[in-house]
Amino acid sequence: MDERARADEPATAELRLVSDEDVLTAEERNELGALLRERRRGDLAESQRMAESLGVLLASRSESTADDEHDPEGPTLSSEWSRLQALRSDAAHDIVAVDAALERLRMGTYGVCARCGQPIGVDRLRARPTAELCIRCAVAVES
């Protein structure tokens with residue numbers, strides 16, 4: 001068999017069966033679920049703060065006395081608007097990721113790599129509770 005044909009074959013030698021030790025315990029699922037719910041609350045609060053800040057900024061922009069381009073003490077209103085919009089967008093994207101993780105938790109697929117089907121380590125999930133890939137697959141995707 002030539003090199004190219006071997007490269008197309010799945011790397012079965014690297015795959016292993018999932019054991020009971022690899023599966024998240026009920027305690028770990030509860031811990032990670034609480035972590036995800038807390039993160040969602042924080043994201044919602046951050047999004048609300050950004051929305052309020054954007055409202056204040058919009059009011060400032062509409063004032064005739066606001067000098068958007070000539071304030072030597074700080075950023076222009078336009079750049080501040082862009083910054084706040086980016087922060088709000090980041091929070092919205094994180095809420096979507098957290099909701100997806102909570103749904104995986106509900107469906108019983110949380111902690112299983114979406115790419116290879118192997119367990120995602122509990123330490124990785126504690127560090128990145130929205131992770132969908134195990135470290136091996138995450139590295140492979142990023143390469």
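R39 is a good place to start: with a relative accessible area of 29%, R39 is partly exposed. The model you are looking at is predicted, and this arginine offers a handy way into its fold. R39 forms a salt bridge with D94, and their closest N and O atoms are 2.7 Å apart. Because R39 sits in helix 2 (residues 26-62) and D94 in helix 3 (residues 77-107), the pair ties together parts that are 55 residues apart in sequence. Is D94 buried or exposed? Its relative accessibility is 16%, and since buried means under 20%, D94 counts as buried.

Move along to R40, and you meet another salt bridge. R40 pairs with D99, with 2.4 Å between the closest N and O atoms. Here too the pair links distant parts of the chain, with D99 in helix 3 and R40 in helix 2, 59 residues apart. D99 is partly exposed, at a relative accessible area of 31%, and R40 is also partly exposed, at 27%.

Let us step back for a moment to the whole chain. The chain has 5 helices and 0 strands, so if you colour by secondary structure you can expect the pattern α-α-α-α-α along the sequence. Of the 143 residues, 25% are buried. Among the contacts with a separation of 6 or more, 56% are between residues 24 or more positions apart. The salt bridges in the chain come to 8.

One of these lies within a single helix. The side chains of R126 and D123 meet in a salt bridge at 3.4 Å, N to O. R126 and D123 are 3 residues apart in helix 4 (residues 122-127), so about one helical turn separates them. R126 is partly exposed, with a relative accessible area of 35%, whereas D123 counts as exposed at 58%. Salt bridges with shared partners join E31, D123 and R126 into one network.

Now for the interior. Which residues have the most contacts inside the largest nonpolar core? They are L24, L32, L36, Y110 and L125, in a core of 15 residues. At least two residues of this core come from each of helix 2, helix 3 and helix 4. Helix 3 gives the largest share, 4 residues. L125 is a nice residue to select and explore: leaving out residues up to four places away in sequence, L125 touches L24, L32, L35, Y110, G111, I120 and A131. Apart from the largest core lies another, of 5 residues, among them M50, L54, L57 and L84.

M50 can guide us through that other core. M50 lies in helix 2 and counts as buried, at 8% relative accessibility. Beyond residues up to four places away in sequence, M50 touches L84, L87 and R88. If you check C-alpha positions, M50 and Q85 are 7.6 Å apart in space, although 35 residues apart in sequence.

The last stop is the second largest pocket, which holds about 220 Å³ of space. What lines the second largest pocket? The lining is made of A97, A100, R104, R124, R128, T130, A131, E132, L133, A138, V141 and E142. Helix 3 and helix 5 (135-142) are the elements that give two or more residues to this lining. By residue class, the lining divides into 6 nonpolar, 1 polar and 5 charged.

Among those lining residues, L133 deserves a look of its own. L133 is found in the loop between helix 4 and helix 5, and counts as partly exposed at 21% relative accessibility. The cut-off for buried is under 20%, so at 21% L133 falls in the partly exposed class. Setting aside residues up to four places away in sequence, L133 touches C113, A114, R115, I120, R124, A138 and V141. R124, A138 and V141 also appear in the pocket lining. L133 and G121 are 12 residues apart in sequence, with 9.8 Å between their C-alpha atoms.

To retrace the route: the salt bridge of R39 with D94 and that of D99 with R40 each join helix 2 and helix 3. Helix 2 and helix 3 also each supply at least two residues of the largest core, and helix 3 appears once more in the lining of the second largest pocket.

Terms used
Residues numbered from 1 in each chain as written. Predicted model: local features only at pLDDT ≥ 70, side-chain atom pairs only at ≥ 80, totals over all residues. Heavy atoms only, no water. Salt bridge = Lys/Arg side-chain N within 4 Å of Asp/Glu carboxyl O. Buried < 20%, exposed > 50% of the residue type's maximum accessible area, 1.4 Å probe, protein only. 1 Å grid on protein atoms, 1.4 Å probe; cavity = no way out; pocket = protein on both sides within 12 Å on 5 of 7 lines; lining within 4 Å. Points joined across faces, edges and corners; volume = space filled by probe spheres on them. Nonpolar A, V, L, I, M, F, W, Y, C, P; charged D, E, K, R; others polar. Contact = heavy atoms within 4.5 Å. Core = buried A, V, L, I, M, F, W, Y, C linked by side-chain atoms within 4.5 Å.
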